[in-house]
Structures are given as structure tokens and as C-alpha cells.
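Got the viewer open? Turn on the side chains, keep the selection box handy, and let's walk through this one stop by stop.

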Amino acid sequence: LEEMRAGVREELQKGAEEQAKNELIEDMVTDILKDTSITFTPAAVDQEIAQMVENFKNQAERSGWKWEDFLQLQGESEAGIRENFRETAEERLSRQLIIRQFVLDEKIRINDADLDGAIAERL
């Protein structure tokens, strides 16, 4: 029983650490996006939208729907779904670009005290 408790505690600790890291990064990216305007080529946005539509299409088909039937049930066209995804695609591209730049510039620094505080709060 004690070994099981230790194992569960270790898994919870790892999960909390990972979640704290992800939240810190997401918060940083969100703060940067508030003060930044990023413009992408239409081709980059269209490619991101195409990937999102393909993922959505695969989800519908895994759920047992034919894509055309799913679109009809939703009262939507694929072009309409693409347009609905545009804002999300631009935000995803912006987030990816910011994170990539952080990695390239090695600007992401999370000290142990911040991480320990976030972990303790989660636990």
C-alpha cells in the first residue's frame, strides 16, 4: 500500500510539474499576444486551416459520420467551416511563432522557486 501511495504521489507530482510548465508558457504567450500584431501570408493561414479541417473531418468520420452528412446535419458547408476556423488558425500560428522564437532566443526561463510554487499550489 505504501509503494502504491508513493507511485501515485510521484505521478501526481510529475503531472503537476508538467501542467505548471505549460501554464507558465501559455500565460507568457498570451501576454505577448496582447501587445503584438502578427501578420501571416494567406498561404500560411490557409495551410493551418486545411490541417484543422482535416482533423475535424477525421474526428467526424471516426465518430461514424460521412463528412458530407456531417456538414448537412450542421447546416454548414466546408467553406463555411474553413472561414469559422480562420481566427483560430491565425491565433495558433501566432502562438507557434512566439514559442518558436522563445526557443530560438532561449528566452524561456523558469526558475525552481516559480516552479515549486506552482507545483505546491496544484498539489
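Which residues form one aromatic cluster? Select Phe56, Trp65, Trp67, Phe70 and Phe85, and you have the cluster on screen. Bear in mind as you go that this is a predicted model.

**Stop 1: the rings**

Searching the whole structure turns up five aromatic pairs. Start with Phe56 and Phe70, which meet edge-to-face, 5.5 Å centre to centre and with 75° between the planes. Phe56 sits in helix H2 and Phe70 in helix H3, so this pair ties together parts that are 14 residues apart in sequence. Now swing over to Phe85: with Phe56 it forms another edge-to-face pair, at 5.7 Å between centres and 85° between planes. Phe85 belongs to helix H4, so here the parts tied together are 29 residues apart in sequence.

Are these rings buried or exposed? Phe56 is partly exposed, with 28% relative accessible area. Phe70 counts as buried at 12%, and so does Phe85 at 18%.

**Stop 2: helix H2**

Next, select residues 42-62. That is H2, with 21 residues, reaching 30 Å from its first C-alpha to its last, close to the 30 Å expected. Colour its buried residues: Val45, Glu48, Ile49, Met52, Val53 and Ala60. Look down the axis of H2 and they fall within an arc of 135°, so they line one face of the helix. It helps to recall that an α-helix has 3.6 residues a turn, so residues three or four places apart point the same way.

Spin to the other side of H2 and you'll find Ala43, Gln47 and Arg62 exposed. To see what covers the buried residues, show H3 (67-74) and H4 (78-105), which are among the covering parts. Just beyond H2, click on Gly64, where phi is positive, near 95°.

**Stop 3: helix H3**

Stay with H3 and pick Trp67, Phe70 and Leu71, which are buried. Down the axis of H3 these buried residues fall within an arc of 100°, so they too line one face of the helix. They pack against H2 and H4. The face turned away carries Glu68, Gln72 and Leu73, which are exposed. Gly75 follows H3, again with a positive phi, near 65°.

**Stop 4: the nonpolar core**

Now show the largest nonpolar core as spheres: Val45, Ile49, Met52, Val53, Ala60, Trp67, Phe70, Leu71, Ile81, Phe85, Ala89 and Leu93, twelve residues. H2, H3 and H4 each supply at least two of them, and the largest share, five residues, comes from H2. Zoom in on Ala60: setting aside residues up to four places away in sequence, it touches Trp65, Trp67 and Phe70.

**Stop 5: two charged residues**

Which side chain does Glu48 make a polar contact with? Select Arg92: the two side chains meet at 3.0 Å. Glu48 is in H2 and is buried, with a relative accessible area of 6%. Beyond residues up to four places away in sequence, Glu48 touches Ala89, Arg92, Leu93 and Gln96.

Finish at Arg95, in H4. Arg95 is buried as well, since its relative accessible area is 18% and the cut-off for buried is under 20%. A polar contact of 2.9 Å joins its side chain to that of Glu26. Apart from its neighbours within four places in sequence, Arg95 contacts Glu26, Val29, Thr30 and Leu33.

Terms used
Residues numbered from 1 in each chain as written. Predicted model: local features only at pLDDT ≥ 70, side-chain atom pairs only at ≥ 80, totals over all residues. Heavy atoms only, no water. Helix = DSSP H or I, 4+ residues; strand = E, 2+ residues; numbered from the N terminus. Expected span 1.5 Å × (residues − 1). Buried < 20%, exposed > 50% of the residue type's maximum accessible area, 1.4 Å probe, protein only. Arc of directions from axis to C-beta. Contact = heavy atoms within 4.5 Å. Core = buried A, V, L, I, M, F, W, Y, C linked by side-chain atoms within 4.5 Å. Polar contact = N/O pair within 3.5 Å; in protein donor to acceptor, adjacent residues only side chain to side chain. Phe/Tyr/Trp six-rings, centres within 6.5 Å; stacked < 30°, edge-to-face > 60°.
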